[in-house]
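Open the model in your viewer and keep the selection tool ready. The stops below go one by one.

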Amino acid sequence: KITDQDLVDKKMTSKITQLARAKNDLTTFGGQLDLFSKAITDDSGTSDLAKRLSLLVQESGLSVNSFSIGSVPVLGKRINLGNKDSKVAGVDPNKPKLIAGTKVAYTEIVFDLLGSQKQALDFLSSLEKIDRLIKITSVDIKREEQKDVDLEKNFKGVRLNGRATVYYQLK
C-alpha cells in the first residue's frame with residue numbers, strides 16, 4: 001500500500017504543478033484569447049476568406065490568373081452530408097484535414113497572380129498581416145512579359161504563384 005501511496009503522491013504533485021502552470025499561463029495570456037478566436041475561426045469561413053483575399057488582390061493592383069480554395073466539408077448539424085462509405089486508401093475525403101491531436105482543421109489556397117514586383121510584394125505583405133492564421137507554404141515569383149491593355153504596350157512584370165494553408169477550428 002505504501003508504494004501505491006507514493007505513486008498517487010507523485011501523480012497528484014504532477015497534476016498540481018500542471019494546474020499552477022496553466023493558471024500562470026491564463027493570467028499571462030488570458031487577455032489575448034480573443035486573438036486566437038479571431039485567427040482560428042469556428043468554421044472555415046471560405047466565403048468571407050474569399051472576399052478578403054479578393055480585396056487584398058484588388059488593393060495590391062494585381063491581376064488574377066487563378067485563385068483556388070481547397071475543399072471544405074459541408075456538414076449539417078444533424079445530418080452528415082458527406083458519403084460515409086467513400087474511402088480512398090483508408091482516408092475519408094469528406095472529413096476535414098486535422099492537425100493531429102487537436103480540433104484545428106485546415107485547407108489550402110493556391111494563387112496565380114500577375115503584376116509588378118512591388119504589387120506582388122505588397123500582396124504577400126498584406127497576406128502575412130491578415131488576422132486569420134495563414135501559413136504561406138510556397139511562393140514562386142517569375143519575371144514575365146505582360147501586356148498593358150490600356151496603353152497597348154508590353155512591360156516586364158512578374159507572375160506570383162503561391163500556396164498557403166488556412167486554419168479553422170471544428171466545433
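The tour starts with confidence, then moves through strands, aromatic rings and one serine.

**Stop 1: colour by pLDDT.** This is a predicted model. The chain averages a pLDDT of 76, and 70% of its residues reach 70 or more. Select helix α4, residues 117-129: confidence is highest here, at a mean of 89. Now select helix α2, residues 33-39, where confidence is lowest, at a mean of 59. Next, take residues 77-83. Their pLDDT is below 50, and the stretch has seven contacts in the model beyond near neighbours in sequence. Residues 86-90 also stay under 50. For residues 86-90 the model has five contacts beyond four places in sequence.

**Stop 2: strand β3.** Select residues 104-115. Is β3 largely enclosed or not, and how many of its twelve residues are buried? Nine of the twelve are buried, so β3 is largely enclosed by the rest of the structure.

Add strand β1, residues 63-69. Six bridges join β1 to β3, and the two run antiparallel. To see a bridge partner pair, pick Val-64 and then Leu-113 in β3.

Now add strand β2, residues 97-98. β2 pairs with β3 over two bridges, again in the antiparallel sense. Leu-98 has Ala-105 of β3 as its bridge partner. Look between the strands of this hairpin: five residues lie there. Check the backbone of Gly-101 in the hairpin, which takes a positive phi near 80°.

**Stop 3: the aromatic rings.** How many aromatic pairs does a search of the whole structure find? It finds three. Show Tyr-106 and Tyr-167, which form a tilted pair. Their centres are 6.1 Å apart, with 50° between the planes. Tyr-106 sits in β3 and Tyr-167 in strand β5, residues 153-169, so the pair ties together parts that are 61 residues apart in sequence. Turn on the surface. Tyr-106 is partly exposed, at 27% relative accessibility. Tyr-167 is buried, at 13%.

Then select Phe-67, Phe-111 and Phe-123: they form one aromatic cluster. Keep Phe-123 displayed for the last stop.

**Stop 4: Ser-60.** Select helix α3, residues 46-60, and find Ser-60 in it. Is Ser-60 buried or exposed? Ser-60 is buried, because its relative accessible area of 9% falls under the 20% cut-off. Follow its side chain: it reaches the backbone oxygen of Val-57 at 2.9 Å. Which residues does Ser-60 touch, leaving out those up to four places away in sequence? They are Gln-119, Asp-122 and Phe-123. Phe-123 thus returns, having appeared in the aromatic cluster.

Terms used:
Residues numbered from 1 in each chain as written. Heavy atoms only, no water. Helix = DSSP H or I, 4+ residues; strand = E, 2+ residues; numbered from the N terminus. Buried < 20%, exposed > 50% of the residue type's maximum accessible area, 1.4 Å probe, protein only. Polar contact = N/O pair within 3.5 Å; in protein donor to acceptor, adjacent residues only side chain to side chain. Contact = heavy atoms within 4.5 Å. Phe/Tyr/Trp six-rings, centres within 6.5 Å; stacked < 30°, edge-to-face > 60°. pLDDT = per-residue confidence, 0-100. Pairing = 2+ DSSP bridges.
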